Amino acid sequence: MTEHLIVPEMLVFSKRIWATLGSEDQALVKKFAREAQSEARVLWTKYEQQAMEKARAAGCDIVQVADKKAFQDAVKPVWDKYGPAYAEMIKRIQAV
């Protein structure tokens, strides 16, 4: 398990439609989006655990990769090429 991939779930909302909502409705959308995010994380964790149990039951060996440096070194050229353009976003992601 390299933890090299995390697929985010996103709520996408039309900026034009958003602007037509009143502040109460905008607050409700934000509130329910946060609640859905929390529930999705719980469900995803449960799904992962079930998938691991199923894989182990099928005879798979699950290997937890503790030292990810080799993977990071392998993709360094990509970071060097594209990283500067996305520096602020990368900082935000790494902060999480």
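**Stop 1: Thr-2**

Start by selecting Thr-2, a buried residue with a relative accessible area of 18%. Buried here means under 20%, so Thr-2 qualifies. Keep in mind as you look around that this is a predicted model. Thr-2 sits in the segment that comes before helix H1, which covers 15-20. Which residues does Thr-2 touch, once its neighbours within four places in sequence are left aside? Select Val-65, Lys-68 and Phe-71 to see these contacts of Thr-2.

**Stop 2: Glu-9**

Stay in the segment before H1 and move to Glu-9. Is Glu-9 buried or exposed? Glu-9 is exposed, and its relative accessible area is 71%. Now add Gln-50 to your selection: Glu-9 and Gln-50 are 41 residues apart in sequence. If you draw a distance between the C-alpha atoms of Glu-9 and Gln-50, it should come to 20 Å.

**Stop 3: the whole chain**

Zoom out and colour by secondary structure. The chain has five helices and zero strands, so in a cartoon view you can follow the order α-α-α-α-α from the N terminus on. The radius of gyration is 19 Å, whereas the globule rule gives 12 Å for 96 residues, so the chain is more spread out than a compact globule. Along the principal axes, the C-alpha atoms fill a box of roughly 55 × 40 × 20 Å.

Next, switch on the surface. How much of the chain counts as buried? The share is 5% of the 96 residues. The accessible surface comes to about 9,100 Å², and carbon and sulfur atoms account for 61% of that area. Try colouring by charge as well: there are 15 positive and 13 negative side chains. The centres of these two sets lie 6 Å apart.

**Stop 4: helix H2 from end to end**

Select residues 23-57, which make up helix H2. How far apart are the end C-alpha atoms of helix H2? They are 51 Å apart, and this agrees with the 51 Å that 35 residues should span at 1.5 Å a residue. While the helix is on screen, here is a handy rule for any view down its axis. An α-helix has 3.6 residues a turn, so residues three or four places apart point the same way.

Just after H2, click on Gly-59. The phi angle of Gly-59 is positive, near 95°.

**Stop 5: two residues inside H2**

Go back into helix H2 and pick Gln-26. Gln-26 is buried, with a relative accessible area of 18%. Leaving aside neighbours within four places in sequence, the contacts of Gln-26 are Trp-18, Ala-19 and Leu-21.

Then select Lys-31, which also belongs to helix H2. Lys-31 counts as partly exposed, at 39% relative accessibility. For another distance to draw, pair Lys-31 with Arg-56, 25 residues away in sequence. Their C-alpha atoms are 38 Å apart in space.

**Stop 6: Tyr-82**

Finish at helix H4, residues 76-82, and select Tyr-82. Tyr-82 counts as partly exposed, with 45% relative accessibility. What separates the C-alpha atoms of Tyr-82 and Ala-33? The distance is 31 Å, and the two residues are 49 residues apart along the chain.

Notes
Residues are numbered from 1 along each chain as its sequence is written. This is a predicted model: local features need pLDDT of at least 70, side-chain atom pairs count only at pLDDT 80 or more; totals for chains, interfaces and linings use all residues. Side-chain values use heavy atoms; hydrogens and water are left out. Helices (H or I, at least four residues) and strands (E, at least two) are DSSP runs, numbered from the N terminus. Buried means under 20% relative accessible area, exposed over 50%, partly exposed in between (1.4 Å probe, protein chains only). Contact means heavy atoms within 4.5 Å. The radius of gyration is taken over C-alpha atoms; the globule rule is 2.2 Å times the number of residues to the power 0.38. Accessible areas come from the Shrake-Rupley method with a 1.4 Å probe; for residues, only the protein chains shown count as cover. Lys and Arg count as positive and Asp and Glu as negative; His and the chain ends are not counted. The place of a charge is taken as NZ of Lys, CZ of Arg, CG of Asp or CD of Glu. The expected span of a helix is 1.5 Å times one less than its number of residues.
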